[in-house]
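Please look through the sequence and the model below before reading on. The paragraphs that follow move from the overall layout to one helix and its surroundings, and then to a pocket.

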Amino acid sequence: HGRKNEIEVLRGCFDRFVTKLEELEESESSFYESDNSCDKSCEVVFISGESGTGKTALAESIKERVASCEGTYITGKFDLKLRGPYFGIISLFRELCGEILELRRINSDRYQELCRSIISEVGGEIVLLTNIVPVLEEAIEVPFMPDVVADQGNKEAKERLKYAFLQFFRVITRYFHHLVIVLDDLQWTDA
(Lines give C-alpha, C1' and ligand atoms only; values in the text may rest on other atoms or scores of the structure.)
Protein backbone atom coordinates (compact mmCIF):
# COMPACT_ATOMS: atom_id res chain seq x y z
CA HIS A 1 0.00 0.00 0.00
CA GLY A 2 2.95 2.35 -0.46
CA ARG A 3 3.68 2.76 3.23
CA LYS A 4 7.45 2.60 3.09
CA ASN A 5 7.88 5.70 5.27
CA GLU A 6 5.36 4.46 7.84
CA ILE A 7 7.07 1.05 7.96
CA GLU A 8 10.40 2.73 8.66
CA VAL A 9 8.85 4.85 11.43
CA LEU A 10 7.29 1.76 13.03
CA ARG A 11 10.55 -0.19 12.80
CA GLY A 12 12.38 2.79 14.26
CA CYS A 13 10.01 2.78 17.25
CA PHE A 14 10.66 -0.90 17.82
CA ASP A 15 14.43 -0.47 17.48
CA ARG A 16 14.33 2.42 19.97
CA PHE A 17 12.38 0.22 22.37
CA VAL A 18 14.87 -2.65 22.04
CA THR A 19 17.81 -0.27 22.53
CA LYS A 20 16.15 1.22 25.62
CA LEU A 21 15.62 -2.27 27.09
CA GLU A 22 19.21 -3.27 26.41
CA GLU A 23 20.46 -0.12 28.14
CA LEU A 24 18.21 -0.80 31.14
CA GLU A 25 19.39 -4.41 31.36
CA GLU A 26 23.01 -3.25 31.39
CA SER A 27 22.48 -0.50 33.96
CA GLU A 28 23.14 -0.95 37.68
CA SER A 29 19.47 -0.65 38.63
CA SER A 30 18.28 -3.69 36.74
CA PHE A 31 15.10 -3.44 34.71
CA TYR A 32 13.82 -6.65 36.27
CA GLU A 33 14.22 -5.43 39.83
CA SER A 34 12.31 -2.20 39.33
CA ASP A 35 8.70 -1.96 40.47
CA ASN A 36 7.87 0.47 37.69
CA SER A 37 9.75 -1.25 34.89
CA CYS A 38 6.81 -0.82 32.56
CA ASP A 39 7.06 2.95 32.93
CA LYS A 40 10.69 2.80 31.82
CA SER A 41 10.35 0.43 28.90
CA CYS A 42 7.01 0.88 27.15
CA GLU A 43 6.39 2.40 23.79
CA VAL A 44 2.88 3.02 22.46
CA VAL A 45 2.17 3.58 18.78
CA PHE A 46 -1.25 4.28 17.30
CA ILE A 47 -1.85 3.66 13.60
CA SER A 48 -4.89 5.38 12.18
CA GLY A 49 -6.46 5.59 8.76
CA GLU A 50 -9.46 4.72 6.69
CA SER A 51 -10.72 1.16 6.43
CA GLY A 52 -8.75 -0.91 3.92
CA THR A 53 -5.65 1.28 3.88
CA GLY A 54 -3.28 -1.36 5.23
CA LYS A 55 -3.05 -0.53 8.92
CA THR A 56 -2.98 -4.19 9.96
CA ALA A 57 -0.38 -5.00 7.29
CA LEU A 58 1.69 -2.07 8.52
CA ALA A 59 1.60 -3.38 12.09
CA GLU A 60 2.50 -6.87 10.86
CA SER A 61 5.47 -5.46 8.94
CA ILE A 62 7.60 -5.62 12.10
CA LYS A 63 6.86 -9.29 12.91
CA GLU A 64 10.15 -10.48 11.40
CA ARG A 65 12.12 -7.81 13.21
CA VAL A 66 10.47 -8.81 16.51
CA ALA A 67 11.27 -12.48 15.88
CA SER A 68 14.89 -11.67 15.00
CA CYS A 69 15.26 -10.05 18.45
CA GLU A 70 13.73 -13.13 20.08
CA GLY A 71 10.66 -11.04 20.80
CA THR A 72 7.01 -11.97 21.02
CA TYR A 73 4.35 -10.49 18.73
CA ILE A 74 0.72 -11.01 19.75
CA THR A 75 -2.51 -9.55 18.47
CA GLY A 76 -6.03 -9.01 19.67
CA LYS A 77 -8.76 -7.97 17.29
CA PHE A 78 -12.01 -6.26 18.13
CA ASP A 79 -14.90 -7.04 15.82
CA LEU A 80 -18.15 -5.22 15.13
CA LYS A 81 -20.08 -8.48 14.67
CA LEU A 82 -18.63 -10.22 17.73
CA ARG A 83 -19.81 -7.87 20.41
CA GLY A 84 -18.51 -7.74 23.91
CA PRO A 85 -16.33 -5.21 25.66
CA TYR A 86 -13.44 -7.64 26.13
CA PHE A 87 -13.48 -9.50 22.81
CA GLY A 88 -10.17 -8.03 21.57
CA ILE A 89 -8.55 -8.56 24.95
CA ILE A 90 -9.78 -12.15 25.05
CA SER A 91 -8.33 -12.86 21.60
CA LEU A 92 -5.05 -11.25 22.73
CA PHE A 93 -5.00 -13.44 25.85
CA ARG A 94 -5.66 -16.56 23.77
CA GLU A 95 -2.58 -15.82 21.69
CA LEU A 96 -0.58 -15.07 24.81
CA CYS A 97 -1.71 -18.37 26.33
CA GLY A 98 -0.35 -20.06 23.21
CA GLU A 99 3.02 -18.41 23.87
CA ILE A 100 2.89 -19.51 27.51
CA LEU A 101 2.14 -23.09 26.49
CA GLU A 102 5.01 -22.95 23.99
CA LEU A 103 7.27 -21.85 26.84
CA ARG A 104 6.08 -24.90 28.80
CA ARG A 105 7.11 -27.09 25.85
CA ILE A 106 10.58 -25.60 25.36
CA ASN A 107 11.58 -24.62 28.92
CA SER A 108 9.60 -26.29 31.68
CA ASP A 109 11.57 -24.68 34.52
CA ARG A 110 11.05 -21.16 33.19
CA TYR A 111 7.37 -21.96 32.57
CA GLN A 112 6.91 -23.13 36.18
CA GLU A 113 8.69 -19.99 37.41
CA LEU A 114 6.36 -17.84 35.27
CA CYS A 115 3.26 -19.59 36.64
CA ARG A 116 4.42 -19.18 40.24
CA SER A 117 5.15 -15.48 39.63
CA ILE A 118 1.73 -14.86 38.08
CA ILE A 119 -0.11 -16.62 40.89
CA SER A 120 2.00 -14.87 43.51
CA GLU A 121 1.77 -11.35 42.09
CA VAL A 122 -1.78 -11.38 40.77
CA GLY A 123 -3.03 -13.40 43.73
CA GLY A 124 -6.72 -14.08 44.16
CA GLU A 125 -7.48 -11.49 41.48
CA ILE A 126 -6.44 -14.13 38.91
CA VAL A 127 -10.02 -15.38 39.17
CA LEU A 128 -11.20 -12.17 37.53
CA LEU A 129 -8.97 -12.87 34.53
CA THR A 130 -9.86 -16.55 34.27
CA ASN A 131 -13.57 -15.68 34.39
CA ILE A 132 -13.06 -13.60 31.24
CA VAL A 133 -10.44 -15.83 29.59
CA PRO A 134 -11.00 -19.43 30.76
CA VAL A 135 -8.07 -20.79 28.69
CA LEU A 136 -5.74 -18.79 30.95
CA GLU A 137 -6.59 -21.12 33.83
CA GLU A 138 -5.22 -24.08 31.89
CA ALA A 139 -2.23 -22.20 30.46
CA ILE A 140 -0.85 -21.16 33.84
CA GLU A 141 -2.23 -24.06 35.88
CA VAL A 142 -4.23 -21.90 38.28
CA PRO A 143 -4.95 -23.71 41.53
CA PHE A 144 -8.55 -23.63 42.72
CA MET A 145 -9.37 -20.23 44.14
CA PRO A 146 -12.81 -19.18 45.31
CA ASP A 147 -14.47 -16.48 43.26
CA VAL A 148 -14.21 -13.36 45.40
CA VAL A 149 -16.12 -11.05 43.07
CA ALA A 150 -19.31 -11.06 45.21
CA ASP A 151 -21.35 -7.92 45.78
CA GLN A 152 -19.05 -5.13 44.71
CA GLY A 153 -19.86 -1.86 43.13
CA ASN A 154 -19.16 -1.43 39.44
CA LYS A 155 -16.30 0.98 40.07
CA GLU A 156 -14.55 -1.32 42.55
CA ALA A 157 -14.95 -4.32 40.24
CA LYS A 158 -13.42 -2.36 37.34
CA GLU A 159 -10.50 -1.27 39.53
CA ARG A 160 -9.84 -4.85 40.62
CA LEU A 161 -9.93 -6.06 37.01
CA LYS A 162 -7.59 -3.25 35.95
CA TYR A 163 -5.22 -4.17 38.80
CA ALA A 164 -5.28 -7.84 37.77
CA PHE A 165 -4.46 -6.98 34.14
CA LEU A 166 -1.62 -4.67 35.15
CA GLN A 167 -0.08 -7.17 37.56
CA PHE A 168 -0.42 -9.95 35.00
CA PHE A 169 1.33 -7.94 32.29
CA ARG A 170 4.06 -6.81 34.70
CA VAL A 171 4.91 -10.45 35.21
CA ILE A 172 4.54 -11.38 31.54
CA THR A 173 6.93 -8.65 30.41
CA ARG A 174 9.63 -10.10 32.62
CA TYR A 175 9.40 -13.44 30.84
CA PHE A 176 8.63 -12.36 27.29
CA HIS A 177 11.20 -9.76 26.31
CA HIS A 178 10.44 -7.37 23.49
CA LEU A 179 6.72 -8.03 23.76
CA VAL A 180 4.77 -6.35 20.98
CA ILE A 181 1.01 -6.19 21.53
CA VAL A 182 -1.22 -5.16 18.64
CA LEU A 183 -4.86 -4.33 19.33
CA ASP A 184 -6.60 -4.11 15.98
CA ASP A 185 -9.85 -2.29 15.20
CA LEU A 186 -10.06 -0.41 18.48
CA GLN A 187 -13.00 1.56 17.11
CA TRP A 188 -15.18 -1.50 17.88
CA THR A 189 -14.29 -1.73 21.58
CA ASP A 190 -17.54 -0.09 22.63
CA ALA A 191 -19.66 -1.63 19.88
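Helices, as the word is used here, are DSSP runs of H or I with at least four residues, and they are numbered from the N terminus. In that numbering Leu-114 lies in helix H6, and this residue will return once the general layout is clear. The model is a predicted one. The protein holds nine helices and two strands, and read from the N terminus its elements follow the order α-α-α-α-β-α-α-α-α-α-β. Of the 191 residues in the protein, 37% are buried. Among the contacts with a separation of 6 or more, 67% join residues that are 24 or more positions apart.

Helix H5 (87-106) is a useful place to begin. Its 20 residues should span 28 Å at 1.5 Å a residue, and since its end C-alpha atoms are 29 Å apart, the expected and the computed values agree. Buried positions in H5 include Gly-88, Ile-89, Phe-93, Leu-96, Cys-97, Ile-100 and Leu-103. An α-helix has 3.6 residues a turn, so residues three or four places apart point the same way. The buried residues of H5 pack against both strands, S1 and S2 (179-184), and against helices H6 (108-122), H7 (126-132), H8 (134-139) and H9.

What links H5 to H9 through aromatic rings? Four aromatic pairs are found in a search of the whole structure, and one of them joins Phe-93 and Phe-169 in an edge-to-face arrangement, with 5.6 Å from centre to centre and 75 degrees between the planes. Because Phe-93 lies in H5 and Phe-169 in helix H9 (residues 154-175), this pair ties together parts that are 76 residues apart in sequence. Both partners count as buried, for Phe-93 has a relative accessibility of 1% and Phe-169 one of 17%, where the cut-off for burial is under 20%. Phe-93 and Phe-169 also belong to one aromatic cluster with Phe-165 and Phe-168.

Helix H9 also carries Gln-167, a residue that counts as buried at 13% relative accessibility. Leaving aside residues up to four places away in sequence, Gln-167 touches Glu-121 and Val-122.

Leu-114 can now be placed in its surroundings. With a relative accessible area of 0%, Leu-114 is buried. Again leaving aside residues up to four places away in sequence, Leu-114 touches Ile-100, Leu-103, Val-171, Ile-172, Tyr-175 and Phe-176, and of these Ile-100 and Leu-103 are among the buried residues of H5. Although Leu-114 and Phe-176 are 62 residues apart along the chain, their C-alpha atoms are separated by 9.9 Å.

Two of the residues that Leu-114 touches, Tyr-175 and Phe-176, lead on to the empty space in the model. Rolling a probe the size of a water molecule over the atoms shows where empty space is left. The second largest pocket contains about 310 Å³ of space, and among its 14 lining residues the closest to its centre are Glu-70, Thr-72, Tyr-175, Phe-176 and His-177. Strand S1 (72-77) and helix H5 are the elements that give two or more residues to this lining, and H5 supplies the largest share, four residues. By character, the lining of the second largest pocket divides into six nonpolar, four polar and four charged residues.

Conventions:
Residues numbered from 1 in each chain as written. Predicted model: local features only at pLDDT ≥ 70, side-chain atom pairs only at ≥ 80, totals over all residues. Heavy atoms only, no water. 1 Å grid on protein atoms, 1.4 Å probe; cavity = no way out; pocket = protein on both sides within 12 Å on 5 of 7 lines; lining within 4 Å. Points joined across faces, edges and corners; volume = space filled by probe spheres on them. Nonpolar A, V, L, I, M, F, W, Y, C, P; charged D, E, K, R; others polar. Phe/Tyr/Trp six-rings, centres within 6.5 Å; stacked < 30°, edge-to-face > 60°. Buried < 20%, exposed > 50% of the residue type's maximum accessible area, 1.4 Å probe, protein only. Expected span 1.5 Å × (residues − 1). Contact = heavy atoms within 4.5 Å.
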